[in-house]
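Here's a quick tour for anyone opening this one up for the first time. Take a look at the chain below, then follow along topic by topic.

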Amino acid sequence: MPIPTPSSPILLSKCVVFPDQPSAVPDLKLSVSDLPMLSCHYIQKGCLFTSPNLDDISVLDLLKRGLARTLSRFPPLAGRLITDRDGYVYIECNDAGVDFIHANAGEFFVRDLLVPGYVHDCFKEFFAFDRTVSFSGHFNSIMAVQITFLADGIFIGCSVNHAVTDGTSFWNFFNTFAEECKAAKSTTTVKRIGITPSPNFRRDSVLVSPAVLRLPASGPKVTFSGDVPLRERIFTFSREAILKLKAKTNQKKLIDNGDLTVTAVEIMGKQSNDKYCEINGKVGSIFESMYKNDSVTNQHANCEAITVATISSFQSLCALLWRSVTRARKLPPNKMTTFRMAVNCRHRLEPKLDPYYFGNAIQSVPTYATAGNVLSRDLRWCAEQLNENVMAHDNGMVRRFVEDWEGNPRLFPLGNADGASVTMGSSPRFPMYENDFGWGRPVAVRSGRANKFDGKISAFPNREGGGSVDLEVVLAPETMAGIESDWEFMQYVSWK
């Protein structure tokens, strides 16, 4: 299939949308998790839809009305950043509004943009605030919404200041926006009952600190180069492939007497307490296997009592990627590599934050290992290193991260300065496909140019659901070519 030549959409109009109700939220102080993001680009995420059965003007009017109602539930997004005389940064919830942009890219059809694995360059043009640093929220709007009409579809792209929201808050907003638009589209007189939880704006946790982050008057700059050549692809992993991968990382040999090999595998993690075993390569319930194989029953009747350390599906996938990227980079064995995972601190802190706490409540957890160890050890070993670090990131560790930052306030060093790092962001648990504006679910989720560098990976749920995952992978061209020819990695990739 020929790929259309990328071109910029035509800007047709731009206006400001204000909340339909005045804000009652006080100014919100940026936290220890917010402040380091001032040097990061605005988050850029959006959803691609097939055409609504409405004319363009009706669609725009509907989206503006829905956005105004949503902003009343998310007043900080309609505000501006301010810095007081003591150096503290706040979100001023002043109802200043958000940018609303109408654009046309009528030369593109939805099918042109959904070639498996390929990320079309045009998506980078479907967002406002291209490569804009979050500090600029002092003099720009905190959020912009761009509506781009295609020949047979529509793309709704949101750009949001990363010092104001993390992924959890971003998708809570996006889900609410869709819900409000769908309700506004409804012609029924039945009173709408909102299903999207309201954000929590409390600022009384350990994340809100008296420490001051000193910044130059001109503001910070991003900590990575935006001019190096990169390739971007989306790799899809089906539910079946991920279960197979998880089974591999959770194997623990119980019996190996030459004729019979039994390994314990916990397949479904938190979704099931059932233990599984693999007998000569066939996976089944330990209880079922005991009935079918007397030698297991007679010799190992206590097999079901064995506890297997559970490595999650996502950690298994991260370990696979860590190995493949390290191999493709052809690093010397003694080179230290880093795999960073963003963890949600809302449920890790004690007392816990509200699940819909508004703002950043994430910390970057690094796992280190030499290239030699990553490649000479097996997949399970790599997954165990990631698992141990994530499991150790409890209330005490979150607080130690906070104390460390307070002792040396600093911006987050996003990038791959040593050429041996991988940074995993976003989450396949985010409800990205639960955005129905009144014309059905998205056919795809895509991002813009923001915060992309060699080694930046973003995890999305796949549209098919059921635990399938899309990885948006950004790498140096030669590294991307390496993982595309890496059998260990590609055997799990789906081409649907």
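Let's start with one small detail: the side chains of T236 and D470 are joined by a polar contact of 2.7 Å. Bear in mind that this is a predicted model. From T236 we'll move on to a six-stranded sheet, the helices, the aromatic rings and a buried strand.

**Around T236**
- T236 sits in strand β9, which covers residues 231–237.
- With a relative accessibility of 16%, T236 counts as buried, since the cut-off for buried is under 20%.
- D470 isn't its lone companion: setting aside neighbours within four places in sequence, T236 also touches N462, V469, Y492, V493 and S494.

**The six-stranded sheet**
- Six strands make up an open sheet, running in the order β1-β6-β7-β8-β3-β17, with mixed pairing.
- The edges belong to β1 (10–17) and β17 (444–447); each has a single partner strand, so one side of each has no neighbour in the sheet.
- On average, neighbouring strands here are turned by 20° against each other, direction ignored.
- Inside the sheet, β3 (residues 43–50) and β8 (residues 153–160) run antiparallel and share eight bridges.
- One residue to pick out is F49, whose bridge partner in β8 is I154.

**Helices on the sheet**
- Helix α1 (residues 56–73) packs on the sheet and touches β1, β6 (98–105), β7 (143–150) and β8.
- The direction of α1 makes about 160° with that of β7.
- How far does α1 reach from its first C-alpha to its last? Its 18 residues cover 26 Å, close to the 26 Å expected at 1.5 Å a residue.
- At the start of α1, a side-chain oxygen of D55 comes to within 3.1 Å of the backbone nitrogen of I57.
- Buried residues of α1 include V59, L60, L63, L67 and R73.
- The buried residues of α1 pack against β1, β6, β7 and β8, and against helix α2 as well.
- Helix α2 (residues 167–185) lies across β3, β7, β8 and β17, at about 30° to β3.
- E180 is part of α2, and at 3% relative accessible area E180 is buried.
- A polar contact of 3.1 Å joins the side chains of E180 and R69.
- E180 and G438 are 258 residues apart along the chain, yet their C-alpha atoms are separated by 9.6 Å.

**Helix α6**
- Helix α6 takes in residues 313–329, and its 17 residues should span 24 Å at 1.5 Å a residue; the end C-alpha atoms are 25 Å apart, which agrees.
- Of those 17 residues, 14 are buried, so α6 is largely enclosed by the rest of the structure.
- Right after α6 comes K330, with a positive phi near 55°.

**Aromatic rings**
- How many aromatic pairs does the structure hold? There are 22 of them.
- Take F49 and F437: their ring centres are 5.6 Å apart and their planes sit at 85°, so this pair is edge-to-face.
- F49 belongs to strand β3, while F437 is in the loop between β16 (421–426) and β17, so far along that 388 residues separate the two and the pair links distant parts of the chain.
- Both F49 and F437 are buried.
- F127 and F155 make another edge-to-face pair, with ring centres 5.5 Å apart and planes at 85°.
- Since F127 lies in the loop between β6 and β7 and F155 in strand β8, this pair ties together parts that are 28 residues apart in sequence.
- F127 is buried at 5% relative accessible area, and F155 is buried at 0% relative accessibility.
- There's also an aromatic cluster, whose members include F49, F74, W171, F177, F358, F437 and W439.

**Strand β18 and its partners**
- Is β18 (residues 456–461) enclosed or open? Six of its six residues are buried, so β18 is largely enclosed by the rest of the structure.
- K456, S458 and F460 point one way from β18, while I457, A459 and P461 point the other way.
- β16 pairs with β18 in the parallel sense over four bridges, and T423 stands opposite K456.
- β19 (residues 469–475) pairs with β18 in the antiparallel sense over six bridges, and there the bridge partner of S458 is E472.

Conventions:
Residues numbered from 1 in each chain as written. Predicted model: local features only at pLDDT ≥ 70, side-chain atom pairs only at ≥ 80, totals over all residues. Heavy atoms only, no water. Expected span 1.5 Å × (residues − 1). Buried < 20%, exposed > 50% of the residue type's maximum accessible area, 1.4 Å probe, protein only. Pairing = 2+ DSSP bridges. Axes fitted to C-alpha atoms, helices over the stretch in contact; angles between N-to-C directions. Contact = heavy atoms within 4.5 Å. Polar contact = N/O pair within 3.5 Å; in protein donor to acceptor, adjacent residues only side chain to side chain. Phe/Tyr/Trp six-rings, centres within 6.5 Å; stacked < 30°, edge-to-face > 60°.
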